Amino acid sequence: FTYTFYVHPGGTYWMEWFREGLGSEDEQQRGRWGVQAGRVCCETSDIKEEERDARYGHHAPAGRIFELPVDDMLSRRTAVDDGPAAWEGAARGRGRTLLY
């Protein structure tokens, strides 16, 4: 999976993810973000029809919550060598992962 974040100082973010292969998957997200106890906390919000990027077949529904370590976001390193990072499933709508 490839993730691209656009984090804005006003507390909003856009994120796009995709997976290439036999059956490609993709999604576009928009939402709010904040920092708490060393974590970037994200929650998706609705994307207006006119703001949707036609390149993405899916758009995240409002209310999806996920967190990732601030250090990973700042270092631009969010991958782990032995599989997906803990936050990835929740970011893609497959459960909720909180890093307490």
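**Notebook: core and sheet**

I looked up the largest nonpolar core of this predicted model and found 14 residues, with Tyr3, Phe5, Tyr13, Met15, Phe66, Leu68 and Trp87 having the most contacts inside it. Such a core is a set of buried Ala, Val, Leu, Ile, Met, Phe, Trp, Tyr and Cys residues joined through side-chain atoms within 4.5 Å, where buried means under 20% relative accessible area, exposed over 50%, and partly exposed in between (1.4 Å probe, protein chains only). At least two core residues come from each of β1, β2 (12-19), β4, β5 and α2 (88-91), and β2 gives the largest share, three residues. I note that helices (H or I, at least four residues) and strands (E, at least two) are DSSP runs, numbered from the N terminus.

I kept two reminders about the source. Residues are numbered from 1 along each chain as its sequence is written. Because the model is predicted, local features need pLDDT of at least 70, side-chain atom pairs count only at pLDDT 80 or more, and totals for chains, interfaces and linings use all residues, while side-chain values use heavy atoms and leave out hydrogens and water.

Next I followed the sheet, which is open and has five strands in the order β1-β2-β3-β4-β5 with antiparallel pairing; two strands pair if DSSP finds at least two bridges between them. β1 (2-7) and β5 (65-69) are at the edges with a single partner strand each, so one side of each lacks a neighbour in the sheet.

Finally I checked arginine 76, which lies in the loop between α1 (70-75) and α2 and counts as exposed because its relative accessibility is 80%.
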